[in-house]
Amino acid sequence: MKRGRARAPARRPGRAPECAFEHLPVAATVTTARGRIRAVNLEARRLAGPWPVPGGARTCREYWGCRVAEKDCPLRRSVATGRVIRHALVHAVGSRGEETLVERVAPLPLPGGARGAVLVTGPATAFFRRIRRLRREAHLDPLTGLLNRRRFDALCARALAGQRRRDRGAFLMLDVDDLKAVNDSRGHAAGDRLLKRLGLILSANTRRGDIVGRVGGDEFAAFCPDTSPSQARELVRRLQRAMAADNAADPSRPRLSAQFGVAMSRPGNTSRLRALADARLRENKRRLHRGR
């Protein structure tokens, strides 16, 4: 009997693509144009949980815990335009509470001529953490941790624009006394530590809704909404007492003191309010120098 080569088993149509889809190194979800899930692969099940979920999620929105508004859904946009959408900032949370980023949404023809899409997602906790860190760095003064000038001005402008006619607020300007002398006699590192001490005191003695920032080299500012003139005066006294207590805690350190200028606000622009507070600050500094 003539021996021949054993014939390879017939490969079922679609087997290879199905296998490739199942073992992709990224989470992939195939949906209809309306977001109803047709298939999920192994990595998607690892991130978002088993599929199908009995009596549970039927759409990609439910399955991934998507928090994006319907009108901003990249899946709908991709199907409607026939275009691939990359790096859509979709905040979704998997079964283990891990944030996920939709890396790509691509239109995909489904059997029977229906339109659908494939969503490729992946862990994004590190990505969103980096975005938050960059946002903080863009908004904060790196030395004191208070708001930088740009962010301070933006938040003040927004707060003043939202004020009603009878609303009152206090705008404080602070200027550290003799910072140049400290830098010259003890070095700039000592001057930086002095500024940090004032930053901590401002953070500890202002309210949660107050806007506090470092707006220049030795200049600080605070806008305190819903504050009366008497409350503003009390805030200045509280800050002065806090600086005195900080000096008494370690007399070997450079002495921390500051001059204040206060302007009471009504709805208006930030630059006008700052100019008024700055004028009062300069007047207080002139009085200090005349008294020495």
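Which residue just after H7 takes a positive phi? In this predicted model, the residue in question is Gly 187, whose phi is about 100°. The helix that precedes Gly 187 is a convenient place to begin a tour of the packing.

Helix H7 spans residues 179–186, and its buried residues are Leu 179, Val 182 and Asn 183. These three cover an arc of only 100° around the axis, which places them on the same side of H7. The other side of H7 carries the exposed residues Lys 180, Asp 184 and Ser 185. Among the elements that cover the buried residues of H7 are E6 and H8.

Both of those neighbours also take part in the largest nonpolar core. This core holds 26 residues, and the members that touch the most others are Leu 172, Val 176, Leu 198, Leu 202 and Phe 220. Two or more residues come from each of E6, H7, H8 (188–205), strand E8 (219–225), helix H9 (229–249) and strand E9 (258–265). Val 176 gives a good view of the surroundings: leaving aside residues up to four places away in sequence, Val 176 touches Leu 194, Leu 195, Leu 198, Asp 218, Phe 220, Leu 256, Ser 257 and Ala 258. A second core, separate from this one, consists of 17 residues, including Cys 60, Ile 85, Val 105 and Ala 117.

Attention can now turn to the aromatic rings. Across the whole structure, a search finds three aromatic pairs. In one of them, the ring centres of Trp 51 and Tyr 63 lie 5.4 Å apart with the planes at 75°, so this pair is edge-to-face. Because Trp 51 sits in the loop between helix H2 (42–48) and helix H3 (60–64), while Tyr 63 belongs to helix H3, the pair ties together parts that are twelve residues apart in sequence. The two partners differ in burial: Trp 51 counts as partly exposed at 22% relative accessibility, whereas Tyr 63 counts as buried at 6%. Ring pairs also bring in Trp 64, linking Trp 51, Tyr 63 and Trp 64 into a cluster.

Another pair joins Phe 152 and Phe 171, with ring centres 6.0 Å apart and planes at 70°, so here too the geometry is edge-to-face. Phe 152 lies in helix H6 (residues 149–161) and Phe 171 in strand E6 (residues 169–176), so the contact ties together parts 19 residues apart in sequence. Phe 152 is buried, at 0% relative accessibility, and Phe 171 is likewise buried, with a relative accessible area of 0%.

Conventions:
Residues are numbered from 1 along each chain as its sequence is written. This is a predicted model: local features need pLDDT of at least 70, side-chain atom pairs count only at pLDDT 80 or more; totals for chains, interfaces and linings use all residues. Side-chain values use heavy atoms; hydrogens and water are left out. Rings of Phe, Tyr and Trp (its six-membered ring) pair if their centres lie within 6.5 Å; planes under 30 degrees apart count as stacked, over 60 as edge-to-face and the rest as tilted. Helices (H or I, at least four residues) and strands (E, at least two) are DSSP runs, numbered from the N terminus. Buried means under 20% relative accessible area, exposed over 50%, partly exposed in between (1.4 Å probe, protein chains only). A nonpolar core is a set of buried Ala, Val, Leu, Ile, Met, Phe, Trp, Tyr and Cys residues joined through side-chain atoms within 4.5 Å. Contact means heavy atoms within 4.5 Å. The arc is that of the directions from the helix axis to the C-beta atoms.
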